[in-house]
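Reader: I would like to learn how to read a sheet and its salt bridges from a set of coordinates. Please take me through one case.

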Amino acid sequence: MKNWFGKLRSGLGKTSANLSTNIKKVFALNRPNKEVLDDIEEILISSDLGVKFSGEVIEKISKRSFNTDITRQMVIDCVVEEMQSILKPYAKELIIPNSDLPYTIVFSGINGSGKTTSLGKIAHKLQRDGHKVLIAACDSFRASATEQLEIWAKRSNCEIITGEYKSDPASIAYKALIKARNENFDVLLIDTAGRMHNKIDLMNELQKINKVLKKNDQAFPQLNLLVIDATIGQTAIKQVENFKDIVDINGIILTKLDGTSKAGVIVPITQKFKLPIYLVGVGEGIEDLNAFSAKDFAEALLSG
């Protein structure tokens, strides 16, 4: 885990440097507490941590600094503590339960979010851990997505179900589910087409996939994971909102933390939607997707 924390700290470098540099600037001059608090609140909001969170941190600092000067360490401690208290209840490990039913996970997200790659990395990890994994390539309108998944399936020694070009994605998902049930697969991972949240026809297609699975058994899918690209910052909040309106999103994967200064957006997302955060990605490598830890995330974010 030390190696992973190093990767996480490095991956969060842009966000951390942005936060730390700006906080240091505030304390470069000896100024009244009120001015310091105003500046800190502005820095937290501009780092995509959200208005609600920023206000709560300022309140905590105000109480702690009563009759004393605010210090840089006091600010860092308050931010880390508040972040951990918000995120810790929603840090969840992806554990496959023992069941007669295949644990079915549908992956959703916009184009370029890292959805297909995340699925491939999870397939590799689950297969390595001894689970029998089936992959369903339901992005039938983009040949490259199927080809990418076929590479991951071969690499992970997993079976894969594909369909004809432009065939109905829901029918591929159903076919995969029947195979997974009949052949006692532990896990079924369903890739879907990348879609913008404002494309009604594509969102309806995602809804149809979920409905078809539920027709087989109301237990399916057990998990609807939304893969969020951390580089988009506050836009992610609207995406989560719209995806949740269409399907029962009940978990998050946050990717591309190594390419952004906007990683703090996971805080307002969690405050607003209270969704479990399963995994975070900090690179392209097969081991660069790992379980989310609120403590590690908060400490890495303020380590600059």
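Author: The turns below go through the sheet, one of its strands and then the salt bridges. Keep in mind that this is a predicted model.

Reader: Where does one start with the sheet, and in what order do the strands lie?

Author: Strands of a sheet pair through backbone hydrogen bonds, either parallel or antiparallel. Here 8 strands form an open sheet with mixed pairing, and the order across it is β3-β2-β4-β1-β5-β6-β7-β8. The edge strands, each paired on one side only, are β3 (159-161) and β8 (289-291). On average, neighbouring strands are turned by 25 degrees against each other, with direction ignored.

Reader: Which helix packs on the sheet and touches β2, β3 and β4?

Author: Helix α7, residues 143-156, does so. The strands it touches are β2 (133-137), β3 and β4 (187-191), and the direction of α7 makes about 170 degrees with that of β2.

Reader: Take β5. Which strands does β5 pair with in the parallel sense?

Author: One partner is β1 (residues 103-108), joined to β5 in the parallel sense over 4 bridges. Within that pairing, Ser108 stands opposite Leu226 of β5. The other is β6, again in the parallel sense, over 5 bridges. There Asp229 has Thr255 of β6 as its bridge partner. The chain path can be added to this: β5, helix α10 (residues 235-246) and β6 make a β-α-β unit, and the unit is right-handed.

Reader: What joins β6 to β7?

Author: Strand β6 (residues 251-255) and strand β7 (residues 277-281) run parallel and are joined by 3 bridges. As an example, Ile253 has Leu279 in β7 as its bridge partner.

Reader: How should I read the side chains of β5: are they buried or exposed?

Author: In a regular strand the side chains alternate between the two faces of the sheet. In β5, Leu223, Leu225, Val227 and Asp229 point one way, while Asn224, Leu226 and Ile228 point the other way. Both sets are buried. The strand, residues 223-229, is thus mostly covered, with 7 of its 7 residues buried.

Reader: Now the salt bridges. How many are there?

Author: With a cut-off of 4 Å between a side-chain nitrogen of Lys or Arg and a carboxyl oxygen of Asp or Glu, the count comes to 20. One of them pairs Lys7 with Asp288, whose closest N and O atoms are 2.9 Å apart.

Reader: Why does that pair tie together parts far along the sequence?

Author: Lys7 lies in helix α1 (residues 2-11) and Asp288 in the loop between β7 and β8, so the salt bridge ties together parts that are 281 residues apart in sequence. Lys7 is partly exposed, at 28% relative accessibility. Asp288 is buried, at a relative accessible area of 12%.

Reader: What does a salt bridge inside a helix look like, as with Lys63 and Glu59?

Author: Their side chains meet at 3.5 Å, N to O. Lys63 and Glu59 are 4 residues apart in helix α4 (residues 51-64), and therefore about one helical turn separates them. Lys63 counts as exposed at 60% relative accessibility, and Glu59 as partly exposed at 46%.

Reader: How do Asp129 and Lys125 meet?

Author: Their side chains form a salt bridge at 3.2 Å, N to O. Asp129 is partly exposed, with a relative accessible area of 44%, and Lys125 is partly exposed at 37%. Salt bridges can also share partners: in this way Lys60, Arg64, Glu81 and Glu82 are joined into one network.

How values were computed. Residues are numbered from 1 along each chain as its sequence is written. This is a predicted model: local features need pLDDT of at least 70, side-chain atom pairs count only at pLDDT 80 or more; totals for chains, interfaces and linings use all residues. Side-chain values use heavy atoms; hydrogens and water are left out. Two strands pair if DSSP finds at least two bridges between them. Helices (H or I, at least four residues) and strands (E, at least two) are DSSP runs, numbered from the N terminus. Axes are lines fitted to C-alpha atoms, for helices over the stretch in contact, and angles run from 0 to 180 degrees between N-to-C directions. Contact means heavy atoms within 4.5 Å. Buried means under 20% relative accessible area, exposed over 50%, partly exposed in between (1.4 Å probe, protein chains only). A crossover is right-handed if, with the strands pointing away from the viewer, the path from the first strand over the helix to the second runs clockwise.
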